[in-house]
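Reader: Please take me through one part of this model closely: chain B, with what it touches and how its pieces meet. I would like the criteria stated along with the values.

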Amino acid sequence: MCGSKVNISEANYLKIKEICASFNNNPGDLINVLHKTQDHFGYLPVEVQKVVAECLGIPATRVYGVVSFYSFFTMKPKGKYAISVCLGTACYVKGGEKILDALKSELKISEGEVTPDGKFSIDVLRCVGACGLAPVMTINGKTYGRLVPEDVKGILAEYAD
Amino acid sequence: MDTIKLTIDNRTVEVPKGTTILKAAAQMGIKIPTLCNFELEGLALKNHPGGCRVCVVEVAGRRNLAPACITECMPDMVVKTNSLRAVNARRTVLELMLSDHPNDCLQCPKSGKCELQALAADMGIRDIPYKGEQSHYPITLSPSIVRDESKCIMCRRCEAVCHEYQTVGAIGAVDRGFPAVVSTAFGEDLIDTNCIFCGQCIAVCPVGALSEVDHTARILRDIANPDVKTCVQVAPAVRVALGEEFGMPAGSIVTGKIAAALKAIGFDYVFDTDWSADLTIMEEGTEFIQRIKAYLAGDKNVKIPLMTSCCPAWVNFYEKFYPELREYPSTAKSPQGMFGATVKSYFAEKIGVARENLVSVSVMPCVAKKYECEREELKVNGNPDVDYSITTRELARLIKICNIDFTTLPEAKFDSPLGESTGAAVIFGVTGGVMEAALRTAVEVLTGKTLPKIDFEEVRGLEGLREATVSVPGVADVKVAVAYGMKNARVIMEQIKAGNCPYHFVEVMACPGGCIDGAGQPYHHGDASIVKARYAAIYKADREMPLRKSHENPEIISIYKEFYGEPCSEKSHHLLHTHYFDKKIKFDIEK
């Protein structure tokens, strides 16, 4: 009879410890720690959150509470190329949803999902601060503006590897 | 002290600075309804998030309505608690809450005790105008606690006790907006979390989102089964609380009625956990004497302080949070455990019944005891020493199901030979009681003299963390500490870790004030006077006992003569002692 176990690779464990240590394992920096951790792993799976909780000396419910509250944090892995479609007011009015639909039918996945080959993922966000270029999407941080649905195919081709 | 004058509902009132509108109004006899707000005054439980908005009042000159529970009184403030605007807003808040509530009151475990139900009745809600989506979560089980998150109203009282009072954090608010709910991290089962099953979340939940696992139907089946014999034990704190379930005043001592009710329900043998509490003192007291003697003789390996181990939530806590210190707590089983082990060995043999055919049930003020029953190390060939445990509330339901008029029931006595007890046993039900009971025996054994005064007032009280020095002439000044709530227990564990713990003997209980406010007791709804009345009743019951020291209990003396030999003998080690496990969450790191 022993407690439950959390499986994690040594490299990942040490990386999380390093990130937490860079914030002096201060529980008040939980959000900053999660930002950095998500930057590194692309998402925040259960075992990663448990290590964060352990390092900061807080219950896992606190970590999960924050991760599940803020839409920026995700527990689902992202694709190698993470596409974010803006559906903020300006982009929405300028047809952001049509861009999203074009991406969905091109990649055959829904928002929040990853293509089976792990290459692309689609997420929706609210405003990237480039309303003048509406409608906008970003791929791994690179911004594409003034889009029409027909642009989608060509842009995806840029990531053909 | 600075005071403030203000007007509430056209009457002026003067209150100390810092008083909330809610408390100022209460002082005037104005009862503003609340839901998320909760406080067990003087007993460390509180929750003031100002979140539910049921207590909104109108403050002259302010644009928005103010939540009375967190708004402080200001000079010359003019407050209306019952203006049309305030009443309508309160009603809307309640209607919105009810629109996302299952409203299955007739089958709900909290029915009749539910604060939301009472509020809806008080507000005269007859229709819920908002028809929309409802939250649906599956009901989840654990050995002790049932969670029905669909009923959660996000008052977050449970979260406050779990995080702040117990420093456990097994449950907390997750998600946002409509799906927001109090749950475990990642939706895990409670058993896989750090939950210690203290059940205080149940004790404070205003609705039916949290309740205990119910075994009443199982009892009725076992009693009706001609192939088994049934026996029952009743914990000390139950006898000062059960009466409340039948309209008797808080603090009524109903020991004799409980024995009579259990016999009327049909148990074959009705015994008393107080008997095994006396037995616990013999074992734990002896262990303390052995450890302190070794310690004073300079033994560096002996674990001092000795810590009590009768509280099952506390045991879970050190197994999950401080497994490296698990040799400090006494190896003595809890009174429930000692009773179970004795009844399924000594007593089963005596009446010629195989242990599998003897159903042993306990009535506890506790929900963590349900978990304790399921511990593998407290079973013999898979057969538990205590088959299952019911709470004080479940016993009340059982009495009602069995058509027993509890208030007029003539008193009866517990059966022999596991029914006789002393005042030292009954005080197990209150914080400081196990310590005092142990001192009554240990000091007499250590000095070889009769105590001139057996009331150890210095370890009594309702402070969460107390310390005292007890002079044992010719031996030592024994430093003791008494803690309730894991936040306070943590203080002592950290001292032990740091090597600067000044105590020789420490008592720990998980619930506020000890078992008298165990999570299986009748709901107090934040009324601390109920807990205090139970506290006074425990000491009254102690004073009224002819014998008040465990080692003077004739049925304890005879069980050692007849069966166990002497305290901490080989036989008692085998049956009355246990061991603890490392249950900390482990990281399995793959290279």
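Author: What follows takes the contact with chain A, then the domains, then one sheet.

This is a predicted model, in which local features need pLDDT of at least 70 and side-chain atom pairs count only at pLDDT 80 or more, while totals for chains, interfaces and linings use all residues. Residues are numbered from 1 along each chain as its sequence is written, chains are lettered from A and ligands numbered from 1 in the order in which they are written, and side-chain values use heavy atoms, with hydrogens and water left out.

Chain B meets chain A through 31 residues, against 27 residues on the chain A side; contact here means heavy atoms within 4.5 Å. About 2,500 Å² is buried between the two chains, and carbon and sulfur atoms give 61% of that area. Buried area is the accessible area (1.4 Å probe) that two parts lose on being put together, summed over both. On the chain B side, R176(B), F186(B) and F587(B) lose the most area to chain A, together 29% of what that side buries.

The rule finds two salt bridges across this interface, a salt bridge being a side-chain nitrogen of Lys or Arg within 4 Å of a carboxyl oxygen of Asp or Glu. E159(B) forms a salt bridge with R62(A), with 2.9 Å between the closest N and O atoms. Between the chains there are also 12 residue pairs in polar contact, both residues at pLDDT 80 or more. A polar contact is a pair of N or O atoms within 3.5 Å; within protein, one must be able to donate a hydrogen and the other to accept it, and residues adjacent in sequence count only if both atoms are side-chain atoms.

Four elements of chain B give two or more residues to the side that touches chain A: α4 (157-165), β10 (171-174), β11 (181-184) and β23 (586-590). Helices (H or I, at least four residues) and strands (E, at least two) are DSSP runs, numbered from the N terminus. With five residues, β23(B) gives the most to that side. The residues of that side divide into 12 nonpolar, five polar and 14 charged; Ala, Val, Leu, Ile, Met, Phe, Trp, Tyr, Cys and Pro count as nonpolar, Asp, Glu, Lys and Arg as charged, and the others, Gly among them, as polar.

β23(B) also pairs with strand β1 (residues 5-9) of chain A, in the parallel sense and over five bridges. Two strands pair if DSSP finds at least two bridges between them. In this pairing K5(A) stands opposite K586(B).

Within chain B, the domain assignment gives domain 1 (3-99), domain 2 (139-212) and domain 3 (278-331 + 422-554), the bounds coming from an automatic or database domain assignment. The C-alpha centres of domain 1 and domain 3 of chain B lie 41 Å apart. Their contact takes seven residues from domain 1 and 12 residues from domain 3. About 630 Å² is buried between these two domains, with 74% from carbon and sulfur atoms. F38(B), L40(B) and L43(B) supply 68% of the area that domain 1 buries against domain 3. The count of salt bridges between domain 1 and domain 3 of chain B is zero.

Finally, an open sheet of four strands in chain B has the order β15-β22-β21-β20, with mixed pairing. β15 (306-307) and β20 (465-472) are its edge strands, each pairing on one side only. Strands β21 (residues 476-484) and β22 (residues 505-509) of chain B run parallel and are joined by five bridges. The bridge partner of Y484(B) in β22(B) is M509(B).
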